[in-house]
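Open the model in your viewer and keep the selection panel at hand. We will go from stop to stop, choosing something to select and looking at what is there.

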Amino acid sequence: MSAAGATTDMRQAALAWLAQDPDPDTRAELESLLDDPEALADRFGAKLEFGTAGLRGELGAGPNRMNRVTVMRAAAGLAAVLGPGRHVVIGYDARHKSDVFARDTAAVLTAAGLRASLLPEPLPTPVLAFAVRHLGADAGVTVTASHNPPRDNGYKVYWGDGSQIVPPVDGRISAAIDAVGPVDGLPLGEGEVLDGAIVEAYLAAVTELPLGQARDLRVAYTPMHGVGHGTLVSAFRRAGFDEPATVEQQRDPDPDFPTVAFPNPEEPGAMDLALALATKVEADLVLANDPDADRCAVGVPLGGGTFRMLTGDEVGALLGEHVITHTRGDRLVATTIVSSTLLGKIAQAHGVRYAETLTGFKWIMRAGEGLVYGYEEALGYSVGGEHGLPVHDKDGIGAALTVAGIAAEAKLTGRTLLDLLDEQARRYGLHATSQLSFRVADLSLIADAMARLRATPPETLGGMAVESWDDLSEGEGGLPPTDGLRYRLGGGARVVVRPSGTEPKLKCYLEVVVPVTGEVAEARAAAAEDLEALKADLRSVMGL
């Protein structure tokens, strides 16, 4: 097809979109772009694909953007898969258009013969995940883009077990979406709005987690302009803790995230205001949620007004051992193939079953029967107690509350979370983890690098022998196949290489294990050197 023909087709697609779009904002945007072939090609030359994370993308007009047409089509596809008479709970955060997308979803589902229940206000994603099981619903939807930039939004689907969907359900929904016609032909109803009882039920569940008895703790907190503040403060009060000191500039929801370049606690600079507040109030603990409050970041004082943010693996190990020692019976704990191997050693020492899954909580929650704890290194934790897991997904509120309980108990005996980490290092060896990422403009460079590694695996990395390696695309260890490579090195070290599922990056997850025979600080220094040596070799091997 000629360039002129392609441009004509794009313009016709844009006009057809305009005819069905119920949103005056995206109609005005698209009308201004009708004579801009490049802009039309960006919006109509591709489409957002519905996968196991649902939908996520930039707001705007066209099938390659998040908008009311895209969301209504997704809702209609979900309705077709579920069928009439089913019950869907719908949550949403405070991003641009989140409330509108949630109401559109309820309208489409209700008119299709389903019962649609909207959460009463913008709330953390874990409240939605909890509500699905608590209300006995058949599915759930939350409108959020988590910690993505302000211009993005997303659409995540949960099944009746309260966990995120996995294949083949995502494929069935995607195929049903493709069969949906123009949305101006969809009948629309009106869903019901739940009252505050659902939030009370969630708070009751998370405050029954194993929190200990100590409550003397000064906490500095930021919800990162998201929806976590009200729910977290309510949870702390209900559990008997003092209300955390909150970063005023980041307390209230703001979809523009004006004080951070990127609303993710892991990003450089994102925690600056929280750490400044922690210094001012002489906090014992720093906590942060991402904008939809399903993740939790933790910082601890070093003295002299300085703080250190713990890694996701460090928090994961502390929470894991805490849950294991406060639960009974035949239990299972789980983490992912890219997280630290320390949880497995903790589980073995306590006689508890352990599983590794692919990355993502959709897989962690399917690790097996008796699951009482799961975590992934990207600050995601699901904490359980005697009554099991209240949330079958990441829960930044429950995790924050439990970390506070651990820190308060440690403070009673004059210790900090850092002391607890040192104790774990003495018992199990120091497990130090880090990441190395290669961002590319051309995705073929990632495919080429993976092909080179498969054809010629390295014999040594960071001065350590590569003792064995697994091609994860072959479904190693009974896991579903995924594009990744895992190298086991001498001394218990490990490297996992995999393309990012959400960004144009090749990601390397590094772990070294150093026995502690003297001071823990010496082992930490040795581990840091080993990690740097690994990074240097990987940069050379990747050629990116």
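Start by selecting Tyr221 and showing its surroundings in this predicted model. Which residues does Tyr221 touch, once those up to four places away in sequence are set aside? The list holds Gly228, His229, Leu232, Pro244, Ala245, Thr246, Val247, Leu277, Leu287, Ala288 and Asn289. Tyr221 itself sits in strand β7, which covers residues 219-222. Its relative accessible area is 0%, so Tyr221 counts as buried. For a distance to draw here, join the C-alpha atoms of Tyr221 and Glu248: they are 27 residues apart along the chain and separated by 9.7 Å.

**Across to His229**

One of the contacts of Tyr221 is His229, so select that residue next. His229 belongs to helix α9, residues 229-239. Is His229 buried or exposed? With a relative accessibility of 17%, it falls under the 20% limit and therefore counts as buried. Beyond its neighbours within four places in sequence, His229 is in contact with Tyr221, Pro223, Thr246 and Arg251. Thr246 is also on the contact list of Tyr221, so colour Thr246 along with the pair.

**Two positive phi values and a cis bond**

Now for some backbone geometry. Most residues other than glycine have a negative phi, and most peptide bonds are trans. The next stops depart from that pattern.

Select Glu282, in the loop between α10 (272-281) and β9 (285-289). Glu282 is not a glycine, yet its phi is positive, about 55°. Its relative accessibility of 56% is over the 50% limit, so Glu282 counts as exposed.

Move on to Ala293, in the loop between β9 and β10. What is the phi of Ala293? It is near 60°, again a positive value in a residue other than glycine. Is Ala293 buried or exposed? Ala293 is buried, with a relative accessible area of 0%.

For the cis bond, select Pro167 and Pro168 together and show the backbone atoms. The peptide bond from Pro167 to Pro168 is cis, with omega near 5°. Pro168 is found in the loop between β5 (152-159) and α7 (169-178).

**Leu302 in strand β10**

Select Leu302, which has its place in strand β10, residues 296-303. Leaving out residues up to four places away in sequence, Leu302 touches Phe307, Arg308 and Leu418. Then draw the C-alpha to C-alpha line from Leu302 to Asp284: these two are 18 residues apart in sequence and 9.9 Å apart in space.

**The second largest pocket**

Which residues are the closest to the centre of the second largest pocket? Select Glu314, Leu430, His431, Ala432 and Arg524 to find out, since these are the ones closest to its centre among the 21 lining residues. The volume of this pocket is about 350 Å³. To see where the lining comes from, colour α11 (312-325), α15 (417-428), β16 (430-439) and α17 (520-542); each of them supplies at least two residues. If you colour the lining by class, you will find nine nonpolar, seven polar and five charged residues.

Stay with α17 for one more selection: Ala523 lies in this helix. At 5% relative accessibility, Ala523 counts as buried. Its contacts, leaving aside neighbours within four places in sequence, are Leu430, Val514, Pro515 and Val516. Leu430 is one of the residues closest to the centre of the second largest pocket. For a line across the model, join Ala523 to Leu211: the C-alpha atoms are 31 Å apart, with their positions 312 residues apart along the chain.

**Zoom out**

Finally, clear the selections and show the whole chain as a cartoon. How many helices and strands are there in the chain? There are 17 helices and 21 strands. The radius of gyration is 24 Å, close to the 24 Å that the globule rule gives for 544 residues, so the chain is as compact as a globular protein of that length. Along the principal axes, the C-alpha atoms fill a box of roughly 70 × 55 × 45 Å.

Switch to a surface to finish. The chain exposes about 21,200 Å², and carbon and sulfur atoms supply 50% of that area. Underneath, 57% of the 544 residues count as buried. Of the contacts between residues at least 6 apart in sequence, 68% join residues at least 24 apart.

Note on methods: Residues are numbered from 1 along each chain as its sequence is written. This is a predicted model: local features need pLDDT of at least 70, side-chain atom pairs count only at pLDDT 80 or more; totals for chains, interfaces and linings use all residues. Side-chain values use heavy atoms; hydrogens and water are left out. On a 1 Å grid over the protein atoms alone, a cavity is a set of points where a 1.4 Å probe fits but cannot get out, and a pocket is an open set with protein on both sides within 12 Å along at least five of seven lines; lining residues have an atom within 4 Å of a point. Grid points are joined across faces, edges and corners, and a volume is the space filled by probe spheres set on the points. Helices (H or I, at least four residues) and strands (E, at least two) are DSSP runs, numbered from the N terminus. Ala, Val, Leu, Ile, Met, Phe, Trp, Tyr, Cys and Pro count as nonpolar, Asp, Glu, Lys and Arg as charged, and the others, Gly among them, as polar. Contact means heavy atoms within 4.5 Å. The radius of gyration is taken over C-alpha atoms; the globule rule is 2.2 Å times the number of residues to the power 0.38. Buried means under 20% relative accessible area, exposed over 50%, partly exposed in between (1.4 Å probe, protein chains only). Accessible areas come from the Shrake-Rupley method with a 1.4 Å probe; for residues, only the protein chains shown count as cover.
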